[in-house]
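Student: Please take a close look at one part of this model, the place where charged side chains meet, and then work outwards from there. I would like the distances and the burial of each partner set out with care.

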Amino acid sequence: MVEYISGVNGTGKTRTLAQAAIITAQDSKGNVIFVDDTDKLKYELPSNIRLINTEDYMINSSICLCGFLLGLCASDFDLTDVFVDSTTDIIEESKTNVDDFMEIISRVSEATGVNFHFAVNDKHEDILMYQRVEG
C-alpha cells in the first residue's frame, strides 16, 4: 500500500505523518522507519521507530530516494512500514513527476509487502488531502 498526504507548508503534514507512524509502530509486528530531511523529530518519535535523515546519506533525487527505499526493503525482512516526510524537499530535481515516483513505489510495495506513507508539499492545495496510490 502506498498513500500520501499533500498540502501547502504549514497545514500539519509532518505532525499527521508522525502521529500515524507512532500509532502504526504500536500495532506493528515488525519494524517501522521514518525518513526525513532533518532530525527535527528525534525527540518526538519513540525509540522503536528508526529515524533516518536523508542528509546523512546524500539523498537528493527521486532516483536516490527510490534506491534507498529499495535497499531498506531488501535489508530488513521485518520491515512493515516506511514513512517519508518532506518528500518533495528530498527530491530536489524539478523534472521529477511525483505521480511516476509513486507508481514505482507502489510496485515496490506490492513486491515486498512494505507499506509506504509520504508527505508531499503541494503549492496549490491549502488543506490536507489523503491519497492512496493504486498499482
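Tutor: What follows begins with the charged side chains, moves to the aromatic rings, and ends with one helix.

The model is a predicted one, and the values below are computed from its atoms. With a cut-off of 4 Å between a side-chain nitrogen of Lys or Arg and a carboxyl oxygen of Asp or Glu, the count comes to 2 salt bridges. One of them pairs Asp-36 with Lys-40, where the closest N and O atoms are 3.8 Å apart. Because its relative accessible area is 0%, Asp-36 counts as buried, whereas Lys-40, at 45% relative accessibility, is partly exposed. The other joins the side chains of Lys-40 and Asp-85, with an N to O distance of 3.9 Å. Since Lys-40 sits in the loop between β2 (31–36) and β3 (49–53), while Asp-85 sits in the loop between β4 (79–84) and α3 (87–90), this second pair ties together parts that are 45 residues apart in sequence. Asp-85, at 2% relative accessibility, is counted as buried, and through shared partners the salt bridges join Asp-36, Lys-40 and Asp-85 into one network.

The surroundings of Asp-85 deserve a slower reading. Once its neighbours within four places in sequence are set aside, Asp-85 is in contact with Thr-14, Leu-17, Phe-34, Val-35, Asp-36, Lys-40, Ile-90 and Ala-119. Among these contacts are Asp-36 and Lys-40, the two residues that share the salt-bridge network with Asp-85. As a further point of reference, the C-alpha atom of Asp-85 is separated by 11 Å from that of Ile-52, and the two residues are 33 apart along the chain. For a second separation elsewhere, consider Gln-26, which lies in helix α1 (residues 13–27) and is exposed, with a relative accessible area of 60%; its C-alpha atom is separated by 21 Å from that of Asp-39, although the two residues are 13 apart along the chain.

Phe-34, one of the contacts of Asp-85, leads on to the aromatic rings. A pair of aromatic rings is described by the distance of the centres and the angle of the planes. The structure holds 4 aromatic pairs, and in one of them the ring centres of Phe-34 and Phe-83 are 6.4 Å apart with planes at 10°, so the pair is classed as stacked. With Phe-34 in strand β2 and Phe-83 in strand β4, this pair ties together parts that are 49 residues apart in sequence, and both residues are buried. Phe-116 and Phe-118 form another stacked pair, as their ring centres lie 6.3 Å apart and their planes meet at 15°. Phe-116 is buried at a relative accessible area of 0%, and Phe-118 is likewise buried at 1%. Ring pairs also link Phe-101, Phe-116 and Phe-118 into a cluster.

Phe-101 in turn is one of the buried residues of helix α4. This helix runs over residues 98–112, has 15 residues, and reaches 21 Å from its first C-alpha to its last, close to the 21 Å expected at 1.5 Å a residue. Buried in α4 are Phe-101, Met-102, Ile-105, Ser-106, Val-108 and Ser-109. Because these residues cover an arc of only 165° around the axis, they lie on the same side of α4. The face turned away from that buried side carries the exposed residues Asp-99, Glu-110 and Ala-111.

Within the buried set, Ser-109 may be followed further: at 5% relative accessibility it counts as buried, and, leaving out residues up to four places away in sequence, Ser-109 touches Met-1, Val-2, Val-114, Asn-115 and Phe-116. The last of these, Phe-116, also belongs to the ring cluster with Phe-101 and Phe-118. Beyond the helix, α4 is followed by Gly-113, whose phi is positive, near 80°.

How values were computed. Residues numbered from 1 in each chain as written. Predicted model: local features only at pLDDT ≥ 70, side-chain atom pairs only at ≥ 80, totals over all residues. Heavy atoms only, no water. Buried < 20%, exposed > 50% of the residue type's maximum accessible area, 1.4 Å probe, protein only. Helix = DSSP H or I, 4+ residues; strand = E, 2+ residues; numbered from the N terminus. Phe/Tyr/Trp six-rings, centres within 6.5 Å; stacked < 30°, edge-to-face > 60°. Expected span 1.5 Å × (residues − 1). Arc of directions from axis to C-beta. Contact = heavy atoms within 4.5 Å.
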